[in-house]
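Subject: A structure for you to look through

Hi there,

Here is the structure I promised to pass on to you. Have a look at it first, and then read on for what I found.

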Amino acid sequence: MAPSFTVNPHRIDPYKNFKFRVRLDGRTVAGVSKVSALRRTTEVIDYREGGESNLTRRLPGQTGFDPVTLSRGVTHDDEFESWADQVWRLGAGLGDEMALRSYRKDLVLELMNEAGQVALAYFIRRCWVSEFVALPDLDADGNGVAFESITLQNEGWERDRSVTEPTETD
């Protein structure tokens with residue numbers, strides 16, 4: 001069996017899911033505590049040939065990418081809301097509802113090892129905000145953190161192959 005880690009063959013544990021960073025417009029987005037899964041699905045096309053009617057063949061069809069949701073604790077940073085406002089703004093005049101030049105953005109999602117070294121990175125392409133949650137359900141009996149979130153439609157993601165396995169030291 002081949003080792004799972006080529007640079008660090010002593011490592012047997014996979015990377016943890018709690019050490020990550022989201023980069024937007026070249027800078028880290030502060031306070032993101034949850035990112036939904038990167039999921040790609042290819043439709044299946046079933047067809048049957050006339051000469052082989054007892055056999056169904058399967059072909060790949062269109063591929064789609066699920067929306068990505070980012071969540072973070074509510075602060076005075078209005079970056080999520082400002083981005084959501086570029087798709088639709090309350091009170092905008094006719095034809096001025098959308099910022100066509102800047103409503104789509106590329107993201108970088110970086111997964112890090114326990115030492116804080118970037119181990120994997122993904123480019124998420126041409127994202128735009130389809131849902132913005134400014135405040136969660138509020139509960140006077142609760143003691144949790146208030147989270148805001150954005151749901152991003154995207155046109156695909158790909159792994160950044162320039163990011164290689166980091167050398168881990170003691």
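Which residues does Ser-149 touch, not counting residues up to four places away in sequence? Keep that one in mind while you turn the model around; I come back to it once the overall picture is in place. Please remember throughout that this is a predicted model.

**The whole chain**

The protein has one helix and ten strands. Reading from the N terminus, the order of the elements is β-β-β-β-β-β-α-β-β-β-β. The radius of gyration is 21 Å, while the globule rule gives 15 Å for 170 residues, so the protein is more spread out than a compact globule. Along the principal axes, the C-alpha atoms fill a box of roughly 60 × 60 × 40 Å.

Of the 170 residues, 26% count as buried. The protein exposes about 11700 Å², and carbon and sulfur atoms supply 50% of that area. There are 21 positive and 28 negative charges, and the mean positions of the two sets are 5 Å apart. If you take the contacts between residues at least 6 apart in sequence, 63% of them join residues at least 24 apart.

**Back to Ser-149**

Ser-149 is found in strand β9, which covers residues 147-153. Ser-149 touches Thr-69, Leu-70, Ser-71, Phe-80, Glu-131, Phe-132 and Val-133, leaving aside residues up to four places away in sequence. Is Ser-149 buried or exposed? Its relative accessible area is 14%, and buried means under 20%, so Ser-149 counts as buried.

**Strand β7 and its partners**

My suggestion is to look at β7 next. Six of the eight residues of β7 (residues 105-112) are buried, so this strand is largely enclosed by the rest of the structure.

One partner of β7 is strand β1 (residues 20-24), and the two pair in the antiparallel sense over five bridges. You can follow the pairing residue by residue: Arg-21 stands opposite Glu-110 in β7, and Arg-23 stands opposite Val-108 in β7.

Another partner of β7 is strand β8 (residues 118-133), again antiparallel, with seven bridges. Here Leu-109 stands opposite Tyr-122 in β8. The hairpin of β7 and β8 has five residues between the strands, and Gly-116 in this hairpin takes a positive phi near 85 degrees.

Strand β1 also pairs with strand β2 (residues 27-28), in the antiparallel sense over two bridges. The bridge partner of Leu-24 in β2 is Arg-27. Two residues lie between the strands in the hairpin of β1 and β2.

**Two backbone angles to check**

Most residues other than glycine have a negative phi. With that in mind, which phi value does Asp-25 have? Phi of Asp-25 is near 55 degrees, a positive value in a residue other than glycine. Asp-25 sits in the loop between β1 and β2, and at 48% relative accessibility Asp-25 counts as partly exposed.

Arg-126 also deserves a look: its phi is positive, about 50 degrees, although Arg-126 is not a glycine. Arg-126 is found in strand β8. With a relative accessible area of 40%, Arg-126 is partly exposed.

**Two pairs to find in space**

Here are two pairs that you can pick out in the viewer. Asp-85 lies in helix α1 (residues 79-85) and counts as partly exposed at 31% relative accessibility. How many residues apart in sequence are Asp-85 and Phe-132? They are 47 residues apart in sequence, and 9.3 Å apart in space from C-alpha to C-alpha. Phe-132 is also one of the residues that Ser-149 touches.

For the second pair, go to the segment after β10 (157-159), where Arg-161 is found. Arg-161 has 65% relative accessibility, so Arg-161 counts as exposed. Arg-161 and Leu-120 are 41 residues apart in sequence, and their C-alpha atoms are 8.5 Å apart in space.

A good way to go through all this is to start from Ser-149 and its contacts, move on to β7 and its pairing with β8, and finish with the phi of Asp-25.

Enjoy exploring, and best wishes!

Key. Residues are numbered from 1 along each chain as its sequence is written. This is a predicted model: local features need pLDDT of at least 70, side-chain atom pairs count only at pLDDT 80 or more; totals for chains, interfaces and linings use all residues. Side-chain values use heavy atoms; hydrogens and water are left out. Helices (H or I, at least four residues) and strands (E, at least two) are DSSP runs, numbered from the N terminus. The radius of gyration is taken over C-alpha atoms; the globule rule is 2.2 Å times the number of residues to the power 0.38. Buried means under 20% relative accessible area, exposed over 50%, partly exposed in between (1.4 Å probe, protein chains only). Contact means heavy atoms within 4.5 Å. Accessible areas come from the Shrake-Rupley method with a 1.4 Å probe; for residues, only the protein chains shown count as cover. Lys and Arg count as positive and Asp and Glu as negative; His and the chain ends are not counted. The place of a charge is taken as NZ of Lys, CZ of Arg, CG of Asp or CD of Glu. Two strands pair if DSSP finds at least two bridges between them.
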